[in-house]
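Please look over the sequence and the structure below before reading on. The paragraphs that follow go through a few parts of the model in turn.

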Amino acid sequence: MDDKDLLEAAIAVRKYAYCPYSHFPVGAALLCDDGTVYCGVNVENAVNGLSLCAEQVALFTAISAGKRKFVKMAVVCASDYCRPCGACRQVLYEHAPELVIIMGSPTGKLIKRSIRDLLPDSFSLPRAMTTDNI
Ligand code: THU
């Protein structure tokens, strides 16, 4: 799937965002290595701090379907070249350190960056400290 098609998927899903507090809908579309695509939108909550970003909803939906390898993600919001927030960068890096981020606009313009470029000197635990090895 090319970048434009993935961005179109993010644009299409964005209308389902639940954002009555920010009025700032975001759409995300994640391409897995097997060619499948999982989409997400931001889902807000009356309790501060419980809102989820579109990127995390897309990633967690894919993980919940058993997917573990990810190629690229398109993100779109109201402004040009929608930038994933810092928290999303950390969450995405954990699961896909080679991920490419397509930052789009509602009109289909886009720029691309690697997650490594967006989150330099990122945090991760040494392998020996993860629960896999306990
Ligand atoms: N939001 C996302 O969905 N992704 C981001 O990377 C940045 C922000 C959402 C969270 C909240 O629902 C709204 O945009 C305004 O911050």
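## From the ligand to the strands

A polar side-chain atom of E44 is found 2.4 Å from an oxygen atom of the ligand. The model in which this distance was computed is a predicted one. Two further contacts with ligand oxygen come from the backbone: a backbone N or O atom of A54 lies 2.9 Å from an oxygen atom of the ligand, and for a backbone N or O atom of C85 the distance to an oxygen atom of the ligand is 2.8 Å. Taken alone, the ligand exposes 370 Å², and the protein buries 78% of that area. Which residues are around the ligand? They are S22, F24, V26, N42, E44, C53, A54, E55, R83, P84 and C85.

The next part is helix α1, which covers residues 3-13. At the N-terminal end, D2 caps the helix, with a side-chain oxygen 3.2 Å from the backbone nitrogen of K4. Within α1, the buried residues are D3, L6, L7, A9, A10 and V13. Viewed down the axis of α1, these buried residues fall within an arc of 155°, so they line one face of the helix. An α-helix has 3.6 residues a turn, so residues three or four places apart point the same way. What covers the buried residues of α1? The cover includes five strands: β1 (27-32), β2 (37-41), β3 (70-76), β4 (100-104) and β5 (110-114).

Two of these strands, β3 and β4, run parallel and are joined by five bridges. One pair can be named: M73 has I101 in β4 as its bridge partner. Strand β4 is mostly covered, with four of its five residues buried.

The last stop is L30, a residue of strand β1. Is L30 buried or exposed? L30 has a relative accessible area of 0%; because buried means under 20% relative accessible area, L30 counts as buried. Leaving aside neighbours within four places in sequence, L30 is in contact with L6, T36, V37, Y38, A58, L59, A62, F70, K72, M73 and L99. Among these contacts, L6 is one of the buried residues of α1, and M73 is the residue whose bridge partner is I101. The C-alpha atoms of L30 and E98 are separated by 13 Å, and the two residues are 68 residues apart along the chain.

Definitions and conventions
Residues numbered from 1 in each chain as written. Predicted model: local features only at pLDDT ≥ 70, side-chain atom pairs only at ≥ 80, totals over all residues. Heavy atoms only, no water. Buried < 20%, exposed > 50% of the residue type's maximum accessible area, 1.4 Å probe, protein only. Helix = DSSP H or I, 4+ residues; strand = E, 2+ residues; numbered from the N terminus. Arc of directions from axis to C-beta. Contact = heavy atoms within 4.5 Å. Polar contact = N/O pair within 3.5 Å; in protein donor to acceptor, adjacent residues only side chain to side chain. Near = heavy atom within 4 Å. Areas by Shrake-Rupley, 256 points an atom, 1.4 Å probe, with all protein chains shown as cover. Pairing = 2+ DSSP bridges.
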